[in-house]
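Subject: The structure for you to look through

Dear colleague,

Here is the structure I promised to pass on to you, together with its sequence. Please open it beside this message, since the notes that follow are meant to be read with the model in view.

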Amino acid sequence: MTPKYNPLRLSPFIVALICYLLPCASPAPAAHHDPQLDPYIEFLGHQTTSAKEYVLGMFKDHDLVILCERDHRDTTQYNLFLSVIRDEWFIKNVGIVFTEVGTSSLNPELNAFLHSDNLPADSVDRAILNFHRNCDWFLMWEKTNFSLFLHGVYAINRTLPPKDKLTLYPSDMPLDWSQMDSAKYAAFQGTLGGRDSVMAAEIIDQFEKLDKPDAGH
């Protein structure tokens, strides 16, 4: 169910959601701002380019485009993510999404699902619920952003021919909950110090495979 190799798709779009570098709580709006920001505020006030157009334009000069998620609990930003990957130009020329949210262990089952056709609505809901329950190494991931994003990607893919379907690579620490017990989980937690390196290695590995004809698109 992996799309055939397409030579146009050599520039993967990376949504590296690095909100773990941001505060967990959204700060209250500031009454005043640093005057040093004035030139940037003025610049933004005169721009007519939309955020979506700006992100798509970055692919003209960059193989990798990284978007930083504002906060895992804010789902409105996913409207932007989905508007970018829904764009016809993105579909034809990029077609790859990496995310921080989601363990890499979800693949290849995740993309087998995302590339499937005409599943009943209840089957889609059950599949996404299963992926959500297993998406992270936290004991509970209560935030709905991952499920909403999967619903969005599947909705886009069901309108596309097999060769154009989007491919999603969750890139967080590999973890199989079905094989986990308290001792194994304690040992796993001891490896989290190398999390950034593990995610980087996962993305690099998948990125390098994109140049190979048997690696999908």
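Let me begin with a single residue: does Tyr 40 count as buried or exposed, and at what relative accessibility? Tyr 40 counts as exposed, because its relative accessibility is 58%, and exposed here means over 50%. Please keep in mind throughout that this is a predicted model. Tyr 40 lies in helix H1, which covers residues 38-45, and together with Leu 37 and Ile 41 it makes a nonpolar surface patch of about 320 Å².

**The overall layout**

The protein has 9 helices and 3 strands, and if you follow the sequence from its beginning you will meet them in the pattern β-α-α-α-α-β-α-α-α-β-α-α. Of the 217 residues in the protein, 43% are buried, while the accessible surface comes to about 12,300 Å², with 60% of it belonging to carbon and sulfur atoms. Among the contacts between residues at least 6 apart in sequence, 84% join residues that are at least 24 apart.

**The interior**

In soluble globular proteins, nonpolar side chains tend to be buried together. In this model, the largest nonpolar core has 34 residues, and those with the most contacts inside it are Ile 85, Phe 90, Leu 110, Phe 113, Phe 131 and Phe 149. Several elements give two or more residues to this core, including helix H3 (77-86), helix H4 (88-93), strand E2 (96-103), helix H5 (109-114), helix H6 (121-133) and helix H7 (145-157). The largest share, 6 residues, comes from H7. Apart from this core lies another one, of 6 residues, among them Trp 137, Met 173, Leu 175 and Phe 188.

Strand E2 deserves a careful look, because 8 of its 8 residues are buried, so that it is largely enclosed by the rest of the structure. E2 pairs with strand E3, residues 167-172, in the parallel sense over 5 bridges, and if you would like one place to check this pairing, the bridge partner of Val 97 is Leu 168 in E3.

**The loops beside H5**

The loop between E2 and H5 holds two residues that you may wish to find. One of them is Ser 104, which counts as buried because its relative accessibility is 13%. Leaving aside its neighbours within four places in sequence, Ser 104 is in contact with Pro 170, Ser 171, Asp 172, Met 173, Pro 174 and Glu 202. The other is Pro 108, which is joined to Asn 107 by a cis peptide bond with an omega of about 10°.

In the loop between H5 and H6 you will find Asn 118, which has a positive phi of about 55° although it is not a glycine. With a relative accessibility of 66%, Asn 118 counts as exposed.

**The salt bridges**

Side chains of opposite charge can pair when their charged atoms come close. The structure holds 11 salt bridges, and I would suggest looking at three of these pairs in turn.

In the first pair to look at, the side chains of Asp 74 and Arg 70 meet at 3.5 Å, N to O. Asp 74 is buried, with a relative accessible area of 16%, whereas Arg 70 is partly exposed at 48%.

Next, Lys 92 forms a salt bridge with Asp 164, and their closest N and O atoms are 2.8 Å apart. This pair links distant parts of the chain, since Lys 92 is in helix H4 and Asp 164 is in the loop between H7 and E3, 72 residues apart. Lys 92 counts as partly exposed at 33% relative accessibility, while Asp 164 is buried, with a relative accessible area of 3%.

Finally, Lys 165 forms a salt bridge with Asp 117, with the closest N and O atoms 2.9 Å apart. Here too distant parts of the chain are linked, for Lys 165 is in the loop between H7 and E3 and Asp 117 is in the loop between H5 and H6, 48 residues apart. Lys 165 counts as buried at 1% relative accessibility, whereas Asp 117 is partly exposed, with a relative accessible area of 42%. Salt bridges that share partners also join Lys 92, Lys 163 and Asp 164 into one network.

With kind regards

Definitions and conventions. Residues numbered from 1 in each chain as written. Predicted model: local features only at pLDDT ≥ 70, side-chain atom pairs only at ≥ 80, totals over all residues. Heavy atoms only, no water. Core = buried A, V, L, I, M, F, W, Y, C linked by side-chain atoms within 4.5 Å. Buried < 20%, exposed > 50% of the residue type's maximum accessible area, 1.4 Å probe, protein only. Helix = DSSP H or I, 4+ residues; strand = E, 2+ residues; numbered from the N terminus. Pairing = 2+ DSSP bridges. Contact = heavy atoms within 4.5 Å. Areas by Shrake-Rupley, 256 points an atom, 1.4 Å probe, with all protein chains shown as cover. Patch = residues over 30% accessible without salt bridge, like charges linked within 9 Å, V, L, I, M, F, W, Y side chains within 5 Å. Salt bridge = Lys/Arg side-chain N within 4 Å of Asp/Glu carboxyl O.
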